[in-house]
Amino acid sequence: MGGGNWPRDGKYLWCVERVWQKLPREQGGTGFKGHSFIFNFYVVESAATSNEVQPNAVGATVSYSINLSSNPVAKQLVKTALCGILGEEVATDPAAKQRQDQEIEALLVGYTDPRTGRQVPSVLDPEQPLRGYLVAVEAWTGRTVSKGTPITKYSFKSVRMTEQDKAVWRARLDKEKPI
């Protein structure tokens with residue numbers, strides 16, 4: 001997906017299509033400007049939040065790319081998106097924050113569930129365990145803290161789903177948007 005289709009200002013219902021990373025060229029990847037963590041979302045619903053900007057169209061794929069090489073808050077952005085998709089509040093209490101950071105790290109590399117002994121794949125796994133999850137999103141243009149340049153900002157809110165709901169969306173994506 002060269003260049004991506006960036007989310008425009010609006011209110012959306014997105015479905016996780018793919019979670020992946022692009023490694024920098026010096027590490028054998030194709031990343032132009034470093035190591036990026038990328039969420040691809042299928043637009044299920046969209047609504048304008050202003051008269052000036054048309055939101056991304058229903059049926060489009062949008063990319064939320066986070067450059068891990070150059071963005072000092074990249075890990076926090078990945079964490080915020082994953083928490084939103086999974087229905088967790090981002091922790092602010094230091095002890096809870098440390099536990100949550102460890103859980104997010106486990107999601108990125110995969111882990112063995114201590115209760116069941118079952119191997120849980122990384123969110124980056126070719127199996128794509130988050131594929132089919134719905135998330136309500138608001139995207140708006142804000143400004144960076146350091147330079148005041150325009151940047152798209154996001155709020156993510158999980159959508160309550162059953163395992164059957166996820167399977168239905170996953171099957172739809174497999175048919176309409178194969179990986």
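This tour moves through a predicted model, from one strand to the cores and helices around it.

**Stop 1: strand β1 and G10**

Begin by selecting G10, which is found in strand β1. With a relative accessibility of 0%, G10 counts as buried, because the cut-off for that class is under 20%. Next, display A47: the two C-alpha atoms are separated by 5.6 Å, although G10 and A47 are 37 residues apart along the chain. Beyond residues up to four places away in sequence, G10 touches A47, T49, P55, V137, E138 and A139.

**Stop 2: R18, W20 and Q128**

Remain on strand β1 and select R18, which is also found there. Is R18 buried, exposed or partly exposed? R18 has a relative accessible area of 28% and is partly exposed. Add W20 to the view: R18 lies over the face of W20, at 4.2 Å from the ring centre. Setting aside neighbours within four places in sequence, the contacts of R18 are I38, F39, N40, Q128 and I179. Of these contacts, Q128 merits a separate selection. R18 and Q128 are 110 residues apart along the chain, and their C-alpha atoms are separated by 6.5 Å.

Centre the view on Q128, in the loop between β5 (119-120) and β6. Q128 counts as buried, at 4% relative accessibility. The backbone deserves inspection here: phi of Q128 is near 50°, a positive value in a residue other than glycine. Most residues other than glycine have a negative phi.

**Stop 3: the aromatic cluster**

Now show the aromatic side chains. The whole structure contains 11 aromatic pairs. One of them joins Y12 and W14, whose rings are tilted, with 5.3 Å centre to centre and 35° between the planes. Y12 and W14 are both buried. To see the wider arrangement, select Y12, W14, F37, F39, F41, Y64, Y154 and F156, which ring pairs link into a cluster.

**Stop 4: the largest nonpolar core**

Several residues of that cluster lead into the next selection. The largest nonpolar core has 28 residues, and those touching the most other members are W14, F39, F41, Y64, I85, L130 and F156. Colour the model by secondary structure to follow the contributors: β1, β2, β3 (61-67), α1 (74-86), α2, β6 and β7 (150-158) each supply at least two residues. Which element gives the most to this core? That element is α1, with 6 residues.

Select F156 for a closer view of the packing. Leaving out residues up to four places away in sequence, F156 touches W14, F41, Y64, T80, A81, G84, V135, A136 and V137. There is also a second, separate core of 8 residues, which includes C15, Y42, W169 and L173.

**Stop 5: helices α1 and α2**

Select α1. The helix has 13 residues, and its end C-alpha atoms are 18 Å apart, which agrees with the 18 Å expected at 1.5 Å a residue. The buried residues in α1 are A74, V78, K79, A81, L82, C83, G84 and I85. Extend the selection to their surroundings, and these buried residues are seen to pack against β1, β2, β3, α2, β6 and β7. Just after α1, select G87, which takes a positive phi of about 80°.

Proceed to Q100, in helix α2 (residues 94-109). Q100 has a relative accessible area of 1% and is buried. Apart from neighbours within four places in sequence, Q100 is in contact with K79, C83, E88, E89, V90 and A91. Among these, K79 and C83 are also buried residues of α1.

**Stop 6: helix α3**

Finish at α3 (residues 163-176), a helix of 14 residues that reaches 20 Å from its first C-alpha to its last, close to the 20 Å expected. Its buried residues are K166, W169 and L173. Turn the view to look down the axis of α3: the buried residues fall within an arc of 70°, so they line one face of the helix. They pack against β1 (10-22), β2 (36-47) and β6 (134-143). W169 and L173 are included in the second core described at Stop 4. Finally, rotate to the face of α3 turned away from the buried side, where the exposed residues E163, Q164, V168 and K175 are carried.

Definitions and conventions:
Residues are numbered from 1 along each chain as its sequence is written. Side-chain values use heavy atoms; hydrogens and water are left out. Helices (H or I, at least four residues) and strands (E, at least two) are DSSP runs, numbered from the N terminus. The expected span of a helix is 1.5 Å times one less than its number of residues. Buried means under 20% relative accessible area, exposed over 50%, partly exposed in between (1.4 Å probe, protein chains only). The arc is that of the directions from the helix axis to the C-beta atoms. Contact means heavy atoms within 4.5 Å. A nonpolar core is a set of buried Ala, Val, Leu, Ile, Met, Phe, Trp, Tyr and Cys residues joined through side-chain atoms within 4.5 Å. Rings of Phe, Tyr and Trp (its six-membered ring) pair if their centres lie within 6.5 Å; planes under 30 degrees apart count as stacked, over 60 as edge-to-face and the rest as tilted. A charge sits over a ring if NZ of Lys or CZ of Arg is within 6 Å of the ring centre and within 35 degrees of the ring normal.
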